[in-house]
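Subject: Structure for you to look at

Hello,

Here is the structure I said I would pass on. Please open it first, then read the notes below beside it.

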Amino acid sequence: MMYIDGDVLEVDIEMDLEEVKALHTFIKDRLDYVEEIVLQQSKEGLPLSSSLFALLFWIKQKKPSIKIEWMDAMKMDLQLYGMMNWVSHE
């Protein structure tokens, strides 16, 4: 599920592959108008597919100025899986 409010795009961490494909189609022509992406997750919300993370990293690479808070923090709490951390080499 995705929801756009002005220049903020909210996406659900529980998106499946088909929903991520739809998000890619939706955002590729509108990337200039989106200033922030917020990742919504429920208490036990777990990613259904790594494709959402791949798409968000692609978006960040295409538009480095976009705000994606959990990505900028370089960590994310995935509840049952624990803390996900990553290292960026620019």
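**Salt bridges**

A search of the whole structure turns up 3 salt bridges. Please keep in mind that this is a predicted model.

Start with the pair in helix H1. The side chains of Lys 21 and Glu 18 form a salt bridge, with N and O 3.5 Å apart. Because these two are 3 residues apart in the helix, about one helical turn separates Lys 21 from Glu 18. Lys 21 has a relative accessibility of 44%, so it counts as partly exposed. Glu 18, at 53%, counts as exposed, since the cut-off for that class is over 50%.

Next is the pair Lys 63 and Glu 35, a salt bridge whose closest N and O atoms are 3.5 Å apart. This pair links distant parts of the chain: Lys 63 sits in the loop between H2 and H3, Glu 35 in the loop between H1 and E3, and they are 28 residues apart. Is Lys 63 buried or exposed? Its relative accessible area is 12%, so Lys 63 is buried. Its partner Glu 35 is partly exposed, at 36% relative accessibility.

The remaining pair to look up is Glu 36 and Lys 67, whose closest N and O atoms are 4.0 Å apart. Glu 36 belongs to strand E3 and Lys 67 to the loop between H2 and H3, so this salt bridge ties together parts that are 31 residues apart in sequence. Lys 67 counts as partly exposed, with 40% relative accessibility.

**Helix H2**

Helix H2 covers residues 51-62. Does its length agree or disagree with what its residue count predicts? At 1.5 Å a residue, its 12 residues should span 16 Å, and the C-alpha atoms at its ends are 16 Å apart, so the two agree.

The buried residues of H2 include Leu 52, Phe 53, Leu 55 and Leu 56, along with Ile 59 and Lys 60. Ser 51, also in H2, has a relative accessibility of 17% and so counts as buried. Leaving aside neighbours within four places in sequence, Ser 51 is in contact with Leu 17 and Val 20.

**The nonpolar core**

In soluble globular proteins, nonpolar side chains tend to be buried together. Here the largest nonpolar core has 20 residues, and those that touch the most other members are Ile 37, Leu 39, Leu 56 and Ile 59. At least two residues of this core come from each of strand E2 (8-12), helix H1 (17-28), strand E3 (36-40), H2 and helix H3 (69-72). Which element gives the largest share of the core? H2 does, with 5 residues.

Ile 37 is a useful residue to click on. Apart from its neighbours within four places in sequence, Ile 37 is in contact with Leu 9 and Val 11, with Leu 56 and Ile 59, and with Ile 66, Lys 67, Ile 68 and Glu 69. Two of these, Leu 56 and Ile 59, were named above with Ile 37 as touching the most other core members.

**One more distance**

Lys 28 is in helix H1 and is partly exposed, its relative accessible area being 45%. The C-alpha atoms of Lys 28 and Ile 59 are 8.5 Å apart, although their positions lie 31 residues apart along the chain when counted from one to the other.

Regards

Terms used
Residues numbered from 1 in each chain as written. Predicted model: local features only at pLDDT ≥ 70, side-chain atom pairs only at ≥ 80, totals over all residues. Heavy atoms only, no water. Helix = DSSP H or I, 4+ residues; strand = E, 2+ residues; numbered from the N terminus. Expected span 1.5 Å × (residues − 1). Buried < 20%, exposed > 50% of the residue type's maximum accessible area, 1.4 Å probe, protein only. Core = buried A, V, L, I, M, F, W, Y, C linked by side-chain atoms within 4.5 Å. Contact = heavy atoms within 4.5 Å.
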